[in-house]
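Hi there,

Here is the structure I promised to pass on to you. Please open it alongside this email, and then read on for what turned up in it.

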Amino acid sequence: MSTVNCWKLPRRICNWRTYSKTSRCTEVMRPEEKKENDNNKPGVRFDRTNLFLPGTDSPMLDYKIYSCPAAYASTKIQAKQNVSNETDDYRDAFSLLLERVPSIVGIKQVRNTYMVTCSRRLSSVRNTLLDLAYGKSNENQRGDAWWPVTSKEKPELDIVEAYDTKEDPRGFQKIGSAYKGLCFCNLEQREALSVKEGQKILCNVSILKSTLTPGSISDYVWQLSWLPAEQHVLLKADSRFAMLCRYSVNSLGALTLPQLFRLLEAMVRLQVSPSHTFLKALEAEFCRRVWDMEFDQLLFLADLWRCLGRSVPRYMELLLSYVGLRWKELTMPQLIQLLYIIGESRRAPPDLMQKLELLLSTHLDQMNMEEVGAACLGFFKSKNGFSEQLMRRIGDKVAAKMEDISNYSLVNVMKMFRFTHLSHLPFLERLGEVAAERIPSIGTQGVMHIVLACASLHYRDSRLLDAVAAKVPSKVQYCRSKDVAKYLWSFSALNYEPENAAEFFSSLTEQIHHKMHEFQRFPEHFLTALLALAFTQRFPHDLIDAALSPEFIKLATEGSPFELKKDLFTLDGTVAIECPDYKGHRLPLQLQQEVTEMLWNFARQDICVKPEMVEAATLLQIMLGGPQFVKNHLILPHTRSADLEVHFDSTGKPLPFHTEVMNKDVQKLELKFNSVQVTDELISQLAKRSTSRSILKSDPDNLGVREDEEMVNNLHKTEDVKERRHVGFNLKLFRNDVPFTDSLLSSLTNSKIADKETARQPKEPSEIRKLAIQVSNRNHYCHSSHILLGLHSMKRRQLVRAGYVVVELPYWEWVPLLKRTRSEKMSYLHQKLYNSLD
């Protein structure tokens, strides 16, 4: 066999069909060799019976041509066709934009080599249906057996970073013998089939052909699967093996269940392509026989499909239907294996998962740490959570034996805590002690999931975070785009600056430049990373310009399955306030208005109606003189939360807003009388009216506007009560205690009191003192601390830059006051407001 590098051959020469028609297989020489040895080496005549595998004395049927597409200037490497053409257009446009983004190292173009195999086709027309060797199989394009990779092209990876998505989740199966009959073991010891014996089997296939019996077909495939691993690729490319597969399809109905299992297990051992049509036919046959199998066989079969990497939704549907009828009969090993299979298939009915959760709680005490991790991963991947009670039991169990749990299982438990959003302090404290020492021995992706879970739970542990920050810069080359984004988000959300903050953030920022090609597929990770940097006041202008470009905006808003408009809006609003020297792209005004309206609609239905917010707004309106003095809105819409805004003049008197009062209920209750003359008779009638009805009309929230004089004196110790219009009372008390407020007087007399108040507003904006009153809650702070999270810290910083005095009503002070008297709450608010004006 000889090889040649094809650098620029005409299309007709590179076409493998041309070679397949030749009757003689000759070695291809380089020009200089041909000149020295002109026609002194005869061709080798093809002998079908002598061909099998390398390592024998027989000549080969095929010769190989190694091609390097990167050498062709006109070659266009296309992305995977897993998205719509429209989305691809957006990404193509974005890829052009990325060329303008500077990179420290740049995007390295890897030499992508592949092998073209030239061989004879089967003469039978029926054999053209076989795609194992020709159509869909890409086995000859994988593996190092076909292309020698230099040390530069294939660097030796740290053993810590080695991660096998098919093997690592199966660690629980290797602890005991309970799972032996439920899963496929690729470590089974058996004497390998010799090359000579394999050649003999394939010769028999070519001779017997359609006369092969179903039993012999199953035996032949099973025996060939025990060839040495280095021979598997050549075996799958052999036409006689493809013929054997076709005959297997024709005889599936005549095979017994054990023979079918041996057939599929052989395919797993040979690692046949999961998309091959032979497996499709095999799957259909197994689905037909589901109800003839025992539950152990069903689980074993599902494990074989998983090892092949083939998605079998029809079979999984039948399996889960079977489980739904007999779930109470499951043993603990069967349950754990089932949860593993469910997790890998990413689907399960919620009602079935609730039954399995109940069954899991009964077996929890007998489970080891690896089984606990497997159960957590199964529920996590299928997007089903545990109840709080079960999650706490798991936390107690793992915290007591955290030294015994593997890194992989520990990460799975952390994923489940993040999914259920349950803060288990004993577990988290124990995690800070144990995991900090384990960080160097955990892979980059596993460490990311640990810190991401801590950030989701708002749990900030300096020991753990410092250990992670020390590891990341040296391992940053192993980070995917997702890992980079989540690392940045976790530290920034927890508002934590590690000891090596400069090195930590700069290394991850450089990695963003290196991963720009990945962000075309995952724009959500790109925005997550940039927002996280913004939390910490780090603004890479070139990356921000790329994120706010029209091409990326179109990709993010139309080509992503996630809602990214709010992230774009937050980034744009942050740049507007904190980056006055930024000259790059900005978010279109129309999109800004659309997202603002979206956020305000959410705030009105969720934030503004919370009891602590409603109480604060109502009492401030009473204290300051009416709803026109308090505005409940999104002061900085891009920060996604509402605050109470109050204005004062330079003398400390409240100023009304020019805008209409946003509370429609108050507007409906306003008196609209015009030019009503106030006479002694009218005043007398008002004084004799029922007090309760007057209060109801003047106070739509039924909170009352009358306070005893003792409370008023406590609020105002230095001014005359009748002149305190900014407190909101300015009362002329009648004999029946009917409050005669400015609002009522203005409505009755059509007076210009409101206009006078407006006229008193200073003409210069610098004379207005703007207060942003924030009613905080626990979700604004790190767990069990008074440290603001990254987003809310950034918001407070931007409010100050926008000219506001931030007045916080912290939840640990304001929430307990909600159960106290109105006098205490009014006194607290008065102190908060007027102390901030000093």
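Below are my notes, going from the whole chain to single residues.

One thing to keep in mind from the start: this is a predicted model.

**The overall picture**

The protein has 838 residues, and 49% of them are buried. Its secondary structure comes to 38 helices and 10 strands. If you look at contacts between residues at least 6 apart in sequence, 76% of them join residues at least 24 apart. The surface that the protein exposes is about 42,800 Å², with carbon and sulfur atoms supplying 51% of that area.

**Strand β9 and its neighbours**

A good place to begin is strand β9, which covers residues 769–775. Of its 7 residues, 5 are buried, so the strand is largely enclosed by the rest of the structure.

Which strands pair with β9? One is β7 (residues 643–648), which runs antiparallel to β9 and is joined to it over 5 bridges. Within that pairing, Ile773 of β9 stands opposite Leu644. Another is β10 (residues 804–809), which is parallel to β9 and linked to it by 6 bridges. There, Leu771 has Val805 of β10 as its bridge partner. To get from β9 to β10, the chain passes through helix α36 (residues 790–801), and this β-α-β crossover is right-handed.

Helix α36 also has a link to strand β7. The side chains of Asp643 and Lys795 meet in a salt bridge, with 2.7 Å from N to O. Asp643 belongs to β7 and Lys795 to α36, so this pair ties together parts that are 152 residues apart in sequence. Are these two residues buried or exposed? Asp643 counts as buried, at 2% relative accessibility, and Lys795 counts as buried too, at 4%.

**Two residues with positive phi**

Most residues other than glycine have a negative phi, so here are two places to look at in the backbone. Arg640 is not a glycine, yet it has a positive phi of about 70°. You will find Arg640 in the loop between β6 (631–633) and β7. With a relative accessible area of 29%, Arg640 is partly exposed.

The other is Ser784, again not a glycine, with a positive phi of about 60°. Ser784 sits in the loop between β9 and α36, on the path of the crossover described above. Its relative accessible area is 64%, so Ser784 is exposed.

**Helix α20**

Moving to the helices, α20 (residues 462–475) has 14 residues. From its first C-alpha to its last it reaches 20 Å, close to the 20 Å expected at 1.5 Å a residue. Among the buried residues of α20 are Leu464, Leu465, Val468 and Val472, and the list also includes Lys471 and Lys475. What covers these buried residues? The cover includes α18 (425–438) and α19 (444–456), as well as α21 (481–493) and α22 (501–514).

**Other salt bridges**

Side chains of opposite charge can pair when their charged atoms come close. A search of the whole structure finds 27 salt bridges, including the Asp643 and Lys795 pair already mentioned. Here are some others to look at.

- Arg314 and Glu317 meet through their side chains, at 3.8 Å from N to O. They are 3 residues apart in helix α12 (residues 313–326), which means that about one helical turn separates them. Arg314 is partly exposed at 45% relative accessibility, and Glu317 is partly exposed at 48%.
- Lys565 and Glu594 form a salt bridge at 2.6 Å, N to O. Lys565 lies in helix α27 (residues 565–578) and Glu594 in helix α28 (residues 589–605), so the pair ties together parts 29 residues apart in sequence. Lys565 counts as buried at 19% relative accessibility, the cut-off being under 20%, while Glu594 counts as partly exposed at 34%.
- Glu285, Arg288 and Arg289 are linked in a network of salt bridges.

If you have only a few minutes, start with β9, its antiparallel partner β7 and its parallel partner β10, and then find the salt bridge between Asp643 and Lys795.

Happy browsing, and best wishes!

How values were computed:
Residues numbered from 1 in each chain as written. Predicted model: local features only at pLDDT ≥ 70, side-chain atom pairs only at ≥ 80, totals over all residues. Heavy atoms only, no water. Buried < 20%, exposed > 50% of the residue type's maximum accessible area, 1.4 Å probe, protein only. Helix = DSSP H or I, 4+ residues; strand = E, 2+ residues; numbered from the N terminus. Pairing = 2+ DSSP bridges. Right-handed = clockwise from strand over helix to strand, strands pointing away. Expected span 1.5 Å × (residues − 1). Contact = heavy atoms within 4.5 Å. Salt bridge = Lys/Arg side-chain N within 4 Å of Asp/Glu carboxyl O. Areas by Shrake-Rupley, 256 points an atom, 1.4 Å probe, with all protein chains shown as cover.
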